[in-house]
Amino acid sequence: MMTNARRDWALTAGAVLCMALVVGCGRSSSDQPLAQANVVDAVRKELGSSSTAEAEAASGATTAATPTGTGWGSLTGSFVFEGTPPAPKLLPTGGKDAPTCNPNGIQDESLVVDPQSKGIKNVLVFVRKVSRTHESLAQAASEPAVFDQKNCMFLTHVLPVVVKQPVVLKNSEAGVGHNTQISPPADTAVNPLLPPGGQQDYAFGRPQNVPVPATCSIHPWMKAYIIPRDNPYFAVSDASGKFSIANIPDGEDLEIQLWHESASGARGALVVSGLTDGKGIIKRKLGENEAVDLGVIQLPASAFK
Amino acid sequence: MSNLHAPRNLFRALAFLACGAALVGCGQSDAARFRLNMDGRDPTFASYEVQADEAKTSEESKQFREDRKVAIANEKVRQQLVVDLLTAGFGTPDEPFAPSDLGLDIARLRRAAGPVASYQSGQQHGLYRKHCAHCHGISGDGAGPTALFLNPYPRDYRPGVFKFTSTGPGMKPTRADLERTIREGLAGTAMPSFATLPQFEVDALIEYVIYLSIRGETETLLNAAFEGEELEPIDLKADAAKQQEQATALAERLKSEAADRASLWTAAVDTIVVPNQEAIPPFLPAEGTAEWQASVERGRVLFRDSKTANCIKCHGLTALGDGGGEELFDDWNKAKPANTKPEIALWELPKQELRPRNLRLGIYRGGRRPADLYRRIHVGIKGTPMPAAGNVLTQPGQIWDIVNYVLSLPYEASGEAKPTQPSVAQAP
């Protein structure tokens, strides 16, 4: 027979256990928002209808016309590493396809700093949205952009193109075969085999806000970036860190994105204190025919991974 | 004595009573929900939260923190809009919906969706949850409860990429491709064969997989479209006309994105790769020993030739899958940080390496028919490092010869695996 004390114990323990059970009850594993029934109903009502003319009129009405000027400005600047830049690194090849692929290693291009000027190469600068495009830029957008490789390196490390612009994937090696894998989100992915001297045409179907990696399965150290944009306002900084973009529409609110492969911001956003926001975007409106010089933009080591 | 026990007795009585009351409502789980692509998975979307935590400790300027506050608020609005739009456009796991212009069969979707149920007539419902969801997940994210224990991981349908198709580079699979995967399974993986299911059940599952894929891709596209926009939440207190106006504009965006995705599924059929019909060699020695032997030999040369097919670079000279030596990843895993980095904690499934196939095992994931292997070589394996060689192997019969060589490999004694010709790997 159970003693009183024991029974007390058992009952109290039982009560506590029971409460513990309830604590675990009804817990939701996700903190994502629940759908709002009336919004769902309102949207679904539209999905069923087949007359789109009305809907287009309504959606047009919600987009306010962007105020814009009539002239064309420009943007220049240069990126410089603040302090002592990291020593250039070599990526090991394991002796694969030597001597075409340097058996001592291939130069790591994830952060290239010029030893003299400390200029940072391969910083991508692009204008996110524009309301008009200068006529001189239309021609360039239809010319093929060549994306070549030699000595087991991509010859262009960051290549901005315009959507639908022909991109020629090329292999200029004498004796080494490559392949170029490009898998842009929600766009046609390709991965053609490129024998020595081979080439393959490609075109992006939709713009991206983050550069798409281009890689070679055979030589895994090979990695470069291509970004398709819906406007031709982009530039990549040269070996001395300089960049310039001409004929930018003035008089409108621009969002100028800075990106670098090794930048520490989310998805490569290059965040510069006092110049950009937390997503690496410079918000700026160009005055009439204004030539904006951002000057020397100093980037500390903390801006990079 | 009894006074001494009174508080404890009271506590017990109250505790039992409270528990009893609370448990009445317990045990009934919430209705199944689709998980957002960015829900605790994809660091691109989780990054704001992470950065906000970091910002507390770092010496960032006030402006930065302000920006982040705005960004996080915008992110919440975006999540709400995406959930509302997707629920409107695609319904819920229990009640699927598809706008009529997507070409999805709603009756099939209903059969596949919802909780598992069977009726006296023998009809089954909830087929996806019965057969697929424990690996592929309720949302088709390839992260069901079993996924962590599998190699390779189950397919995540949301990026809209499927490895084994009969269609051209970058194209979606056909319904017939998905049917073959469901009916025959994928040899060498955890994907079993569902050959015993009746046709109408297989059709329902195919429809549901396409539906989950279009839904997942549409979500990605909506997120991209909303990115960088100052989003306005739908004002629930506004009058009905104003609300409807906002809803109309949003519905239009959803429609165009979803229709764009759905059109790719219909376009895929036109890109089917038809294997060369002119130079089909015998596939068995019994069909003509000399010709078969010659085809295998030509295939061997191509397999090793760095100027054309170059298969040895990954599959190796002996085709054991040891040609590269480097770590390779498919696109689903490539996006993830290395398993040693702290950010990997944001992903449910750790980064998983992909090996070039050992061709001496005689196990072919994409099917063992010569035509299956022909297509693997011609268009590659989508979302993986295996490239498309169709643009290079343009002579009639070249791909068939490699198919013959590959098919002969499991029957070659291991002693014969020694390099019998000068290795092309050493060519300059």
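## A tour of a sheet in chain A and a helix pair in chain B

Begin with strands β17, β1 and β20 of chain A, which form an open three-stranded sheet in the order β17-β1-β20, with mixed pairing. Strands pair here if DSSP finds at least two bridges between them, and both strands (E, at least two residues) and helices (H or I, at least four) are DSSP runs numbered from the N terminus. At the edges stand β17 and β20 of chain A; each has a single partner strand, so one side of each lacks a neighbour in the sheet. From one strand to the next, the twist averages 15°.

This is a predicted model, in which local features need pLDDT of at least 70 and side-chain atom pairs count only at pLDDT 80 or more, while totals for chains, interfaces and linings use all residues; side-chain values use heavy atoms, without hydrogens or water. Residues are numbered from 1 along each chain as its sequence is written, with chains lettered from A and ligands numbered from 1 in the order in which they are written.

**The central strand.** Select residues 72-81 of chain A, which are strand β1. Seven of its ten residues are buried (under 20% relative accessible area, 1.4 Å probe, protein chains only), so β1(A) is largely enclosed by the rest of the structure.

**Its two partners.** Add residues 242-249 of chain A, strand β17, which runs antiparallel to β1(A) and is joined to it by six bridges. Here A:Gly73 stands opposite A:Ile248, and A:Leu75 has A:Ile245 as its bridge partner. Next add residues 291-299, strand β20, which runs parallel to β1(A) with seven bridges between them. On this side, A:Thr76 is partnered by A:Asp293.

**Chain A as a whole.** Zoom out to see four helices and 20 strands. Of the 305 residues in the chain, 47% count as buried.

**The helix pair.** Move to chain B and select α8 (residues 199-226) and α9 (residues 240-267), which pack at an angle of about 130° with their axes 9 Å apart. Because angles under 35 degrees count as roughly parallel, over 145 as roughly antiparallel, 65 to 115 as roughly perpendicular and the rest as oblique, α8(B) is oblique to α9(B).

Show the side chains where the helices are in contact (heavy atoms within 4.5 Å). Among them are B:Ile210, B:Leu221 and B:Phe226 in α8(B), and B:Leu250, B:Arg253 and B:Trp265 in α9(B).

Definitions and conventions: Axes are lines fitted to C-alpha atoms, for helices over the stretch in contact, and angles run from 0 to 180 degrees between N-to-C directions. Buried means under 20% relative accessible area, exposed over 50%, partly exposed in between (1.4 Å probe, protein chains only).
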